[in-house]
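Q: I would like a close look at a single part of this chain, followed outwards into its surroundings. Please give the cut-offs of each term as you go.

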Amino acid sequence: MQPPPLLTLPSEPIEQEIERLPSATRRLAAQLRLPLAEEAVWQVLTDYESLPAFIPNLVSSRLLSRDGSVVKVEQVGSQTFVGLSFTASVRLELEERCAEGILGFRMISGDFRRFEGAWTLVKTSDGVRLRYELLVQACIGMPIALIEQRLREDLATNLRCVALEALRRAQAVKLAETV
């Protein structure tokens, strides 16, 4: 028996949007279509403590509490840009709305003035559309203009890494089923 064909990330580019708002605030969004079921992607998004294994620059992600569909997570990210090392930590409150395909999040404390957004899954005829939206407001002294490009790159990278991990897990399940 032949193993199933490998699933691959679609070659179409990631669609991105950026909106510059007052007070060092940016609204960013990116989306990608995947040949997977919503559940496969949802499992990756909500595997909070495993996120650093496949999200670059995410040093740690720790589940603090769960109360029904409300989850609290602490995350630390680190990266270097323009020759400077930058580390940021946030405590997030997430709301898992699985039936609607929405994983909303907002910062309850951390190194930004504002950090909130959502992962959204929309079923399509050939799989799912994964969208990541982020509204971020830099702290006073944080050069938002300098980190804007990095935020855009990271948004696309994070989206692609979640997609690749979901594809990897789906492929592992398919291979296990053929054994």
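In which strand does T25 lie, and what surrounds it there?

A: T25 lies in strand β2, and the description that follows comes from a predicted model, in which local features need pLDDT of at least 70 and side-chain atom pairs count only at pLDDT 80 or more, while totals for chains, interfaces and linings use all residues. Residues are numbered from 1 along each chain as its sequence is written, and side-chain values use heavy atoms, with hydrogens and water left out.

Helices (H or I, at least four residues) and strands (E, at least two) are DSSP runs numbered from the N terminus; on that basis the protein chain has two helices and eight strands, in the order β-β-α-β-β-β-β-β-β-α from the N terminus on. Strand β2 covers residues 25-34 and pairs with strand β1, residues 15-21, in the antiparallel sense over seven bridges, where pairing requires that DSSP finds at least two bridges between the strands. Within this pairing, E15 stands opposite Q31 of β2. The hairpin of β1 and β2 has three residues between the strands, and among them S23 takes a positive phi near 60 degrees.

T25 itself is buried, with a relative accessible area of 5%; buried means under 20% relative accessible area, exposed over 50%, and partly exposed in between, with a 1.4 Å probe and protein chains only. A polar atom of the T25 side chain lies 3.1 Å from the backbone oxygen of P22. Contact means heavy atoms within 4.5 Å, and, leaving aside neighbours within four places in sequence, T25 is in contact with E19, R20, L135, V136 and Q137.

Strand β2 also gives two or more residues to the interior described next. The largest nonpolar core has 45 residues, and those with the most contacts inside it are V41, W119, L130 and V162; such a core is a set of buried Ala, Val, Leu, Ile, Met, Phe, Trp, Tyr and Cys residues joined through side-chain atoms within 4.5 Å. Besides β2, the elements that give two or more residues to this core include α1 (38-45), β7 (114-124), β8 (127-137) and α2 (144-178), and α2 gives the most, with eleven residues. Leaving aside its neighbours within four places in sequence, V162 is in contact with V41, V44, L45, F54, I55, W119 and L130.

Aromatic rings can be followed through the neighbouring strands as well. Rings of Phe, Tyr and Trp (its six-membered ring) pair if their centres lie within 6.5 Å, with planes under 30 degrees apart counted as stacked, over 60 as edge-to-face and the rest as tilted; by this rule the count comes to four aromatic pairs. F105 and F115 form a tilted pair, 6.0 Å centre to centre with 40 degrees between the planes, which links F105 in strand β6 to F115 in strand β7, ten residues apart. Both F105 and F115 are buried. W119 and Y132 form a stacked pair, 4.1 Å centre to centre with 15 degrees between the planes, and this pair links strand β7, which holds W119, to strand β8, which holds Y132, across 13 residues. W119 is buried at a relative accessible area of 10%, and Y132 counts as buried at 8%. Together F105, F112, F115, W119 and Y132 form one aromatic cluster.

Key:
A polar contact is a pair of N or O atoms within 3.5 Å; within protein, one must be able to donate a hydrogen and the other to accept it, and residues adjacent in sequence count only if both atoms are side-chain atoms.
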